[in-house]
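Student: I have a model open and would like to test the terms we use on it. Could we go through them together?

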Amino acid sequence: MSSQNDGIIVILSSPSGAGKTTLVNLLSKKKNFNISVSHTTRKPRSNEINGKDYFFVNKAVFEDLIKNNKFLEYAKVFNNFYGTSKKPVIDLLSLGKNVIFDIDWQGTRQIKSQNIQYKIITFFVLPPSKQVLFERLSNRDMKDKLIASERMKDFYKDVKHWIDYDFVVINDDLNECYNEISQLIDLFLNNKKQINYNKKKISDHIKKLVN
Ligand code: 5GP
């Protein structure tokens, strides 16, 4: 059982390019949530900082961390490994700090299946349309242009996992999406058991995205 004083785990997942990282940064800034910084074997993008965006490590180091049971969860995403270190997260939660995770559906599933003692709220973030998603993926780093089409294909696989999440939100307008997530977290923190949100709108939107 979590104690009243423990922090909560907030997980945001999304198909790549739905704007989740910006939302995570906003939540951290405005609500003073701590971001869980993952380890990855992916190469850094030009704007990324080691230790802030990720801990960039090679495969041997990553495998050692797995062997030494250092990860709360880890997964292979787009041919690279990504993992959440256990200790920093548990330390923060037990100090009463809320921690926000930007991880994929595999990691979310692993964390949820561990019957962890901390409260967890999960969000799946969707893009407003396929066109906007493709533009966002193409507008990243120049090198990423080459893999935008590949990531579009992954979108159709990833989007299926919305069903595993507590809430699904559409990131059309960043501030509106942030406000929706923020309000849902506040209700959750206040132990509101029954939180209403527009499920019909979400399932209609998903039908449009996958057709
Ligand atoms: P990117 O390479 O674009 O930064 O991230 C690719 C995907 O990996 C995103 O969906 C992101 O949420 C996910 N990811 C990042 N860190 C972790 C992690 O520690 N564990 C898991 N399971 N997924 C992660």
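Student: This is a predicted model. Which residues point each way from β6, and are they buried or exposed?

Tutor: Asn80, Tyr82 and Thr84 point one way, while Phe81, Gly83 and Ser85 point the other way. Buried means under 20% relative accessible area, and all of these residues are buried.

Student: What makes β6 a largely enclosed strand?

Tutor: Count its residues: 6 of the 6 in β6 (residues 80-85) are buried, so the strand is largely enclosed by the rest of the structure.

Student: Why is β6 said to pair with β5?

Tutor: Pairing asks for at least two bridges between the strands. β5 (residues 71-77) and β6 are joined by 6 bridges and run antiparallel, so the two strands pair by that definition. One of the partnerships is Val77 with Asn80 in β6. In this hairpin 2 residues lie between the strands, and Phe78 takes a positive phi near 50 degrees.

Student: How many bridges join β3 to β6?

Tutor: There are 2 bridges between β3 (residues 39-40) and β6, again antiparallel. The definition needs at least two, so β3 and β6 pair as well. His39 stands opposite Gly83 in β6.

Student: Let's turn to the open sheet. What is its strand order, and which strands are the edges?

Tutor: Its 5 strands follow the order β2-β7-β1-β8-β9, with parallel pairing. β2 (34-35) and β9 (167-170) are called edge strands because each pairs on one side only.

Student: What makes β1 and β7 a pair?

Tutor: β1 (residues 9-13) and β7 (residues 99-102) share 4 bridges in the parallel sense. With at least two required, they therefore count as paired. Val10 has Ile100 as its bridge partner in β7.

Student: Which strands does helix α3 touch?

Tutor: Helix α3 (residues 86-94) packs on the sheet and touches β1, β2 and β7. Its direction makes about 150 degrees with that of β7.

Student: Which residues have the most contacts inside the largest nonpolar core?

Tutor: They are Val10, Leu12, Phe123, Ile181 and Ile185, in a core of 36 residues. The largest share, 6 residues, comes from α7.

Student: Which residues does Ile185 touch?

Tutor: Leaving aside residues up to four places away in sequence, Ile185 touches Ile8, Val10, Leu27, Lys31, Phe33, Ile121 and Phe123. Apart from this core lies another, of 12 residues, including Ile9, Leu72, Ile111 and Ile120.

Definitions and conventions: Residues numbered from 1 in each chain as written. Predicted model: local features only at pLDDT ≥ 70, side-chain atom pairs only at ≥ 80, totals over all residues. Heavy atoms only, no water. Contact = heavy atoms within 4.5 Å. Axes fitted to C-alpha atoms, helices over the stretch in contact; angles between N-to-C directions. Core = buried A, V, L, I, M, F, W, Y, C linked by side-chain atoms within 4.5 Å. Buried < 20%, exposed > 50% of the residue type's maximum accessible area, 1.4 Å probe, protein only.
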